[in-house]
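Subject: The structure for you to look at

Hi there,

Here is the structure I promised to pass on. Please open it next to this message, and I will walk you through what turned up.

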Amino acid sequence: YLLPYHQRNRIPLSLLMIRLPEPSNIRTETLQALCTYVTQRLRKSDLMVRYNSRHLAILLCDTSDHGAFLLAQSLQQYLGTDQNAPTLNYAVLRVPLENSSLDVLIQKMQDALILASQHATDRVVFVSND
């Protein structure tokens, strides 16, 4: 419902998706700490949802893809302080203000994260909306 507002005012809108490890490989406390940290960093206009058992999706209003990258980088640093924290993969996408289907964009992000998680490194993946 925010898309027409962002289209009219040319305000950037970004998505950040986080791929979580297998449910059996993440402690409940770690997931709660991650969600608490993200919630503290978000504004009232942003929205975080658990997309499925392996993905969190965060809609960042008035945020460029670079701003979403900075949030992902901050999360990596935050988790880096915990020796037992799992490796997470992050995807960033600038939501196009015209002709965008959120379902298609989220699927592209999910596919990119599945590919990224097959490598043993933590990374931020930029996903193209084309």
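Glutamine 110 touches Met17, Tyr51, Asn52 and His55, leaving aside residues up to four places away in sequence. Its place is in helix α4, which covers residues 102-117. Is glutamine 110 buried or exposed? With a relative accessible area of 12%, glutamine 110 falls under the 20% cut-off, so it counts as buried. Please keep in mind that all of this comes from a predicted model.

**The overall picture**

The chain holds 4 helices and 5 strands. Following the sequence, you will meet them in the pattern α-β-α-β-β-α-β-α-β. The C-alpha trace spans about 45 × 30 × 20 Å along its principal axes. For 130 residues, a compact globule would have a radius of gyration near 14 Å, and the chain agrees with its own 14 Å. Of those 130 residues, 43% are buried. Among contacts with a separation of 6 or more, 71% are between residues 24 or more positions apart. On the outside, the chain exposes about 7,500 Å², and carbon and sulfur atoms supply 51% of that area.

**The sheet**

In what order do the strands of the sheet come? The 5 strands form an open sheet in the order β2-β3-β1-β4-β5, with mixed pairing. At the edges are β2 and β5 (124-126), each of which pairs on one side only. Neighbouring strands are turned against each other by 20° on average, if direction is ignored.

Two helices are worth finding against this sheet. Helix α2 (residues 28-41) lies across β2 and β3, and runs at about 150° to β2. Helix α3 packs on the sheet too, where it touches β1, β3, β4 and β5; its direction makes about 165° with that of β4.

**Strand β3 and its neighbours**

Strand β3 (residues 55-61) deserves a careful look. How many of the residues of β3 are buried? The count is 7 of 7, which leaves the strand mostly covered. In a regular strand, side chains alternate between the two faces of the sheet. In β3, His55, Ala57, Leu59 and Cys61 point one way, while Leu56, Ile58 and Leu60 point the other way; all of them are buried. You have already met one of these, since His55 is among the residues that glutamine 110 touches.

Strands of a sheet pair through backbone hydrogen bonds, either parallel or antiparallel. Strand β1 (residues 13-19) pairs with β3 in the antiparallel sense over 7 bridges. Within that pairing, leucine 16 has isoleucine 58 of β3 as its bridge partner. Strand β2 (residues 47-52) is also antiparallel to β3, and their pairing runs over 5 bridges. There, valine 49 has alanine 57 of β3 as its bridge partner, and arginine 50 stands opposite leucine 56. A hairpin of 2 residues joins β2 to β3.

Just a short note on the backbone here: aspartate 62 has a positive phi of about 55°, although it is not a glycine. You will find aspartate 62 in the loop between β3 and α3.

**The salt bridges**

How many salt bridges does a search of the whole structure find? The search finds 2.

One of them joins the side chains of arginine 43 and aspartate 46, at 2.9 Å from N to O. Arginine 43 is partly exposed, at 39% relative accessibility, whereas aspartate 46 is buried, at 10%.

Another salt bridge is formed by arginine 94 and aspartate 65, with 3.1 Å between the closest N and O atoms. This pair links distant parts of the chain: arginine 94 belongs to strand β4 (residues 89-94) and aspartate 65 to helix α3 (residues 65-80), and the two are 29 residues apart. Why does aspartate 65 count as buried? Its relative accessible area is 19%, and buried means under 20%, so aspartate 65 falls within the buried class. Arginine 94, at 47% relative accessibility, counts as partly exposed.

Happy to go through any of this with you on screen.

Best wishes

Note on methods. Residues numbered from 1 in each chain as written. Predicted model: local features only at pLDDT ≥ 70, side-chain atom pairs only at ≥ 80, totals over all residues. Heavy atoms only, no water. Buried < 20%, exposed > 50% of the residue type's maximum accessible area, 1.4 Å probe, protein only. Contact = heavy atoms within 4.5 Å. Salt bridge = Lys/Arg side-chain N within 4 Å of Asp/Glu carboxyl O. Pairing = 2+ DSSP bridges. Axes fitted to C-alpha atoms, helices over the stretch in contact; angles between N-to-C directions. Rg over C-alpha atoms; globule rule 2.2 N^0.38 Å. Areas by Shrake-Rupley, 256 points an atom, 1.4 Å probe, with all protein chains shown as cover.
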